[in-house]
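Here is my note on the two-chain model you sent round. Please read it with the structure open.

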Amino acid sequence: MIEPIKQIIDNCPETFFQRILEYTDSNFSEALTLAGRHIEEPEKKNMLGQLRHARCEAGFRKAATESNLIVHTPHTKPAGSRYSLVVANNIYLIRSNIQKHCGTPRPTAFRKSWSVLNQWIEPIQMDLLETVTPPPADRLCGMIVTTSHPRLGNPSVPTFVGIGIPWPDLSGWATLIAITDLLARYHDKETEERTLQAAPVEIKDRAVPQLKKRPNEK
Amino acid sequence: MRNGTPGFQGSRLIEARESRGLTQLALAELTTRTSSTISRWENGAQSPEPDALESLSNVLNLPVSYFLKPIADHGGAPIFFRSMASSTQSLRRRARARLRWGQNIAMTLQEWVDLPTLDVPLLEAFDYRDIRDSDIEKIANECRMRWGLGLGPISDVLLVLENAGICVIKEEVGSAQMDGLSNWSVVDNRAYMLIAKDKDTCVRSRMDAAHELGHLVLHRHLKEKSLTEIGAFKEIERQAFCFAGAFLLPSESFSSEVWSPSLNAFVALKERWKTSIGAMIMRCRSLDMMDEEYQRRLWKHYSSRGWRKKEPLDDDLTPESPRLLARSIKLLIDERVRSRRDLLEDFRLSAADVESLCCLPRGFMSNGEAEIVPLPKLKDRTNEVKPENTTAGQVLPFGRKH
């Protein structure tokens, strides 16, 4: 089986995830500032969540546009809302809701419809006697996972930003890694391809004083 | 002068007092003289009587001969201090005096030994405003090429400096507000630097040394007066920081290794480059690898992780030590050219000072014997009138047990 993270690394540019990380940071800060400036205390907690969601959606689209990826904002079915979808070759990326911990995303209809793409990760063997051909592994659904800690974390920054590959039924994560770790994987790939890093030079110890030659010495 | 000590050098008294971090008033109290007497001794209007000189020698823990040798003229090249704005003048004077003592030791040693030949590239700039950032990058790179350092991390910065003939002194200056200072001496045309050991972490001492190297390379021809204007001082410090960044983290190799300008990525890079995470953030900014806003965010995360006080790996990386002066002294002793006593007489300093300035083990110069440091005594109050009802205690013998 092809490793989903490898598929992502092969198809999505590194800059996209760098920007996601950067924008999610600033989106959280913006949301906190906006909530502090415009929302009164009783509604603040709820609105902070709404504002974070709105700003992070915008940041998600901006990061994708800047990385030359295809961005859509389809309507939900039944219609009533819209969500952001980023397409990088055969990788389909959406956002999960902002969570308190890295749990499963809210199982909305649009998320369910996209997570079905991951059936090849967990093929169902319906027949005990005959092998069922697994679905093609040509498409993948990934979700940007952002969490904030309601009490202990700094409210102006997210606690965790990662990418998760959900099981097709949204029952959990087949894979979930932090964006920083994903970027490290990009780096590893790059260094494999590149020549070795500049090695530290062994410095010869020449800080050695010499006795002066006296006139009567040869 | 009347009843004084012929040959007494007032300037040496100033240097000694400043080196001990004392004010004239404090020294006056310790020597049971008035501060005006100390002032007259210092400005040469008067010289101390032999017993007063002995008292000065005891209080300042310096041999009498120290006060009789004219002060060496190291020229008017500016002394660059890498210190916080909050560092006091007395702290700066103390550090300056300690650097001068280090220079004097090196000068004396050079009568007997040859130190490595000086090999330091210089930027011919007579005004700090003529120095552009591109010049700084260029000369930092030239230093690396000339000293065969390639483009990778430098394994031992102090060794590199000493190989290039720069004398490095590393000792505690008594305050965390001072990081280091440097100066070119005209006597031997050699560069000197003193690195503070008070916050002795590997990455900090490397950055301090690279920063002082920046001053020595970039600002040799600057005049002392350019350091007195606040704006000029800030810019000169910035230039030295730029140099340190370019020297420790070359743009070509370092930037290709920053796969993500995140704090976690910098922790991984710190172990390899032995440079603080703070310095790496600054370097990334100067290389335009991040914008102002992102840098601000990073600093915020940096603070919230508590790294302003202590960064990861600070306890794991071993601080570097200078070796040149210590080796010179050991060479002279081992080859029986000079004995410890001869050297102390030559230096005209206490054993503890020589050990501290030359990074020698404690007790090395005093040959393992603990040095007796006379402590200041309370003023004699025997002439004071005692109250009449005070009587001396009576000694009662204990009964002997049979």
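Which side chain meets D314(B) in a salt bridge, and at what N to O distance? Point 1 takes that up.

1. **A salt bridge between distant parts of chain B.** The partner of D314(B) is K270(B), at 2.8 Å from N to O. A salt bridge here is a side-chain nitrogen of Lys or Arg within 4 Å of a carboxyl oxygen of Asp or Glu. The pair links distant parts of the chain, with the two positions 44 residues apart in numbering. D314(B) sits in the loop between α13 and α14 of chain B, and K270(B) sits in helix α11 of chain B. Both residues are buried. Buried means under 20% relative accessible area, exposed means over 50%, and partly exposed lies in between (1.4 Å probe, protein chains only).

2. **Ground rules.** This is a predicted model; local features need pLDDT of at least 70, side-chain atom pairs count only at pLDDT 80 or more, and totals for chains, interfaces and linings use all residues. Residues are numbered from 1 along each chain as its sequence is written, chains are lettered from A and ligands numbered from 1 in the order in which they are written, and side-chain values use heavy atoms, leaving out hydrogens and water.

3. **Chain A.** The chain has 5 helices and 7 strands. Helices (H or I, at least four residues) and strands (E, at least two) are DSSP runs, numbered from the N terminus. Their order from the N terminus is α-α-α-β-β-β-α-β-β-β-α-β. Chain A has 218 residues, and 42% of them count as buried. Take the contacts in chain A between residues at least 6 apart in sequence: 60% join residues at least 24 apart. Contact means heavy atoms within 4.5 Å. Chain A exposes about 12600 Å², with 53% supplied by carbon and sulfur atoms. Accessible areas come from the Shrake-Rupley method with a 1.4 Å probe; for residues, only the protein chains shown count as cover.

4. **Chain B.** Here there are 16 helices and 5 strands. Of 402 residues, 52% are buried. Among contacts in chain B with a separation of 6 or more, 74% come from residues 24 or more positions apart. The accessible surface is about 19600 Å², and carbon and sulfur atoms hold 51% of it.

5. **The interface.** Chain B gives 41 residues to the contact and chain A gives 30. The area buried between the chains is about 2900 Å², with 56% from carbon and sulfur atoms. Buried area is the accessible area (1.4 Å probe) that two parts lose on being put together, summed over both.

6. **Polar links across it.** There are 2 salt bridges between chain B and chain A. One of them pairs D114(B) with K212(A), with the closest N and O atoms 2.9 Å apart. In addition, 11 residue pairs across the interface are in polar contact (both at pLDDT 80 or more). A polar contact is a pair of N or O atoms within 3.5 Å; within protein, one must be able to donate a hydrogen and the other to accept it, and residues adjacent in sequence count only if both atoms are side-chain atoms.

7. **Which parts of chain B touch chain A?** The elements that give two or more residues are β2 (113-114), α7 (157-163), α10 (251-257), α11 (263-273), α13 (292-304) and α14 (324-334) of chain B. The largest share, 5 residues, comes from α14(B).

8. **Other salt bridges.** The whole structure has 35 over all chains. E142(B) and R146(B) form one of them, at 3.7 Å from N to O. Both lie in helix α6 (residues 133-146) of chain B, 4 residues apart, about one turn of the helix. E142(B) is partly exposed at 37%, and R146(B) is partly exposed at 41%. D315(B) and K310(B) also pair, at 2.5 Å. D315(B) is exposed at 59%, whereas K310(B) is partly exposed at 45%. R20(B), R98(B), E171(B) and D353(B) are linked in a salt-bridge network.

9. **H211(B).** This residue is in helix α8 (residues 202-218) of chain B. H211(B) is buried, at 0% relative accessible area. Its side chain makes a polar contact with the side chain of E237(B) at 3.3 Å. Leaving out residues up to four places away in sequence, H211(B) touches R82(B), E237(B), A240(B), F241(B) and A244(B).
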